[in-house]
Amino acid sequence: MGRLGIKLHDEKWYRTTALDRADAEVVEKTQAEMKELMEQGVGIMLATGGWKKKIANKGESLVNAIALKPSGGAAFLKVIRPGTCSKDGEWIAKTHIDLAMEVTKEKPLHLLGMIMDITHANRKGMRIMAEQYPTWVLLGCVAHALSLLCKNLADPTKCPGVAAVLKVVQTMALVYGDCATIRGALQELQVGGKVGGIRAHCPTRFAILYLIATDVLRMKVSIREMVESSDWASLKEASVNSAVFKHATDAGWWRKLEAVRDLMSPIADAIHQLEGDKAMLSQVLPVWNSLIDHATAWTTMWQESGGTSVLTAKVVGVFEKRFKKHYLGDWAAAYLLDPMNFSAPGTGTHARPSVNQLTGKQRDEALKVVLRLNCMEVTDANTAEVERELSDLEPGESPADMVRHSNALVSWEEVPTPAGQPDKIKVVSVPKRRNFYALPSARSMVPNMCKAAGKLISMHCTSAAAERNWSIWGIIFRDALRNRLGIERAEKLVRINPNLADPTDIDPEGSDDEPWHLHNSAGFDELVNLPSALKT
């Protein structure tokens, strides 16, 4: 009996019966949501990611399965336990096909596609699945690809000049984290405001080097004062790696660090923006193009300002090579068909695809993707058919319903933001961009384009939702006291956790699927951050 006279259940009831009931309620809600999306013909996509921790059932390998919603958002489905089997390409393919069959109730055509990390086994598994289910859009995580770009920049064999600078800040972070004496001295030298620090380096989070570089630059004055002070002779004895701080007295080194930060800034920004749980596949190609242009301009600017070519050596090549390694024709097709990327309409015409922004090869690959998503073989007749559809979307007299929707589809507005905050834009939502291809005129003129566009516009481009879900697992298995917690019970806790959000945080005017929508008469629905790589 509680203090207020309320009868409470015992502890066992809460960790068994109550947990089971809450989990069953979440499962029922998720399944109903997935069923509705499939019945509406919208479909869903899946993302997976692996994780293990020593205290989680003695380091058992686990695979998170996440459902990604076409209009934004994600839902945890289940955890897959591989056991001792070899997690090779064949296992990857079989496991994901079984998962797709389970989620779609044996109707695999309702699946838009899958996203996973870019490992050798995952790539092989996706090739196997592509042969069996060509209508699935199978993607490597774009955020992972951009992180690998950061890894390449820190590799002395690939980018010697940039890597040398990043090695210094990495060592500074190591000393700051391990040496309380030097850390305390730097904290004492920071005057006014909140005392900052240097983030710890994480070997598996390659983009962290950009954040470490910004921390070191922010503490530039404090670091220089420490090294130039009379106390440095005794302070440096506290760490065997303290000699790394000798760079603090070199103005040229600070200039190089600022340049490296500027080089990596758009990469970090793009990762941050693209890893949101939103359908952004159509933005991947322009982001990569902008990053390569940025690297080229950065190289030219550095050399024109009197810098040596040692810092810029191989930089542009690394960007281009990483792009080519991960590029898919699906990127080009999504860019081509998303109305948000269309050129502005003229008088009496509808907005049209920006074909001139693609290379000839990318255009051909995009058309092959349209054929594949329509289960059409690549023959001269079929290619001519989709070529004809693409030409029908080019300038010319247009049906009234397509003209009426065009202006809102290609428009976007900047949103005023406080100084230091990311720039934001309002764009037309994913459902409205998809609905352009549901117009009677569009379905009549370009039926194959319509079917492909419905899938590509709805596709996410990262498996970040699966990675973020592991943070919940990490909190649950936070220390050795949880080493007796079973995976089955932990899975229920993970599934329930995202559904415990304060209901007052949800926009009452928006739907559960689209919590970022701003419904207004201007036709702009979606509030998004604008990656710096797209500001050109």
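Colleague: Which strand does Asn64 lie in?

Modeller: Asn64 lies in strand E2, which covers residues 62-68, and I should say at the outset that we are looking at a predicted model.

Colleague: And is Asn64 buried or exposed?

Modeller: Asn64 is buried, because its relative accessible area is 0% and anything under 20% counts as buried.

Colleague: What is Asn64 in contact with, leaving aside its neighbours within four places in sequence?

Modeller: With those neighbours set aside, the residues in contact with Asn64 are Ala47, Thr48, Gly49, Phe76, Lys78, Ala466, Asn469, Trp470 and Trp473. With one of these, Asn469, there is also a polar contact, side chain to side chain, at 3.4 Å.

Colleague: Let's step back to the sheet. In what order do its strands come?

Modeller: The sheet is open and has 5 strands, arranged in the order E3-E2-E1-E4-E5, with mixed pairing. Strand E3 (74-80) and E5 are the edge strands, each of them pairing on one side only, and from one strand to the next the twist averages 20°.

Colleague: Which strands pair in the antiparallel sense, and over how many bridges?

Modeller: E1 and E2 are an antiparallel pair, joined over 7 bridges, and within that pairing Leu46 has Ala67 of E2 as its bridge partner. Strand E1, residues 44-51, also pairs with E4, this time in the parallel sense and over 4 bridges, and there the bridge partner of Leu46 is Met114.

Colleague: What does Met114 stand opposite in E5?

Modeller: Met114 stands opposite Leu138 in E5. E4 and strand E5 (residues 137-140) run parallel and are joined by 4 bridges.

Colleague: What holds paired strands together in general?

Modeller: Strands of a sheet pair through backbone hydrogen bonds, and they can do so either parallel or antiparallel.

Colleague: Why is E4 described as largely enclosed by the rest of the structure?

Modeller: The reason is burial: 6 of the 6 residues of strand E4, which spans residues 111-116, are buried, so the strand is largely enclosed by the rest of the structure.

Colleague: Which helix makes a β-α-β unit with E4 and E5?

Modeller: That is helix H3, residues 120-132, and the unit that E4, H3 and E5 make is right-handed.

Colleague: Staying with H3, how buried or exposed is Arg123?

Modeller: Arg123, which is found in helix H3, is partly exposed, with a relative accessible area of 27%. Not counting residues up to four places away in sequence, Arg123 touches Ile118, Lys325 and His326, and its side chain is joined to the side chain of His326 by a polar contact of 3.2 Å. Arg123 and Gly89 are 34 residues apart in sequence, while their C-alpha atoms are 7.4 Å apart in space.

Colleague: Changing topic, how many aromatic pairs are there?

Modeller: The count comes to 13 aromatic pairs. In one of them, Trp51 and Trp470, the ring centres are 5.1 Å apart and the planes are at 15°, so the pair is stacked. This pair links distant parts of the chain, since Trp51 is in strand E1 and Trp470 is in helix H21 (residues 464-476), 419 residues apart. Both Trp51 and Trp470 are buried.

Colleague: What about Trp232 and Phe245, stacked or edge-to-face?

Modeller: Trp232 and Phe245 are edge-to-face, because their planes are at 75°, with the ring centres 6.0 Å apart. Trp232 is in helix H9 (residues 232-235), and Phe245 is in the loop between H9 and helix H10 (251-274), 13 residues apart. Trp232 is buried, and Phe245 is buried too.

Colleague: Which residues form one aromatic cluster with Trp51?

Modeller: Trp470, Trp473 and Phe477 form one aromatic cluster with Trp51.

Colleague: And helix H7, how many of its residues are buried?

Modeller: In helix H7, residues 208-218, 8 of the 11 residues are buried, and the helix is mostly covered. Among the buried residues of H7 are Tyr210, Asp215 and Leu217, and the buried residues pack against helix H5 (160-178), helix H8 (220-228) and H10.

Colleague: Last one, how many helices and strands are in the chain?

Modeller: The chain has 22 helices and 8 strands, and buried residues make up 50% of its 536 residues. Of the contacts between residues at least 6 apart in sequence, 70% join residues at least 24 apart.

Methods. Residues numbered from 1 in each chain as written. Predicted model: local features only at pLDDT ≥ 70, side-chain atom pairs only at ≥ 80, totals over all residues. Heavy atoms only, no water. Buried < 20%, exposed > 50% of the residue type's maximum accessible area, 1.4 Å probe, protein only. Helix = DSSP H or I, 4+ residues; strand = E, 2+ residues; numbered from the N terminus. Pairing = 2+ DSSP bridges. Right-handed = clockwise from strand over helix to strand, strands pointing away. Polar contact = N/O pair within 3.5 Å; in protein donor to acceptor, adjacent residues only side chain to side chain. Contact = heavy atoms within 4.5 Å. Axes fitted to C-alpha atoms, helices over the stretch in contact; angles between N-to-C directions. Phe/Tyr/Trp six-rings, centres within 6.5 Å; stacked < 30°, edge-to-face > 60°.
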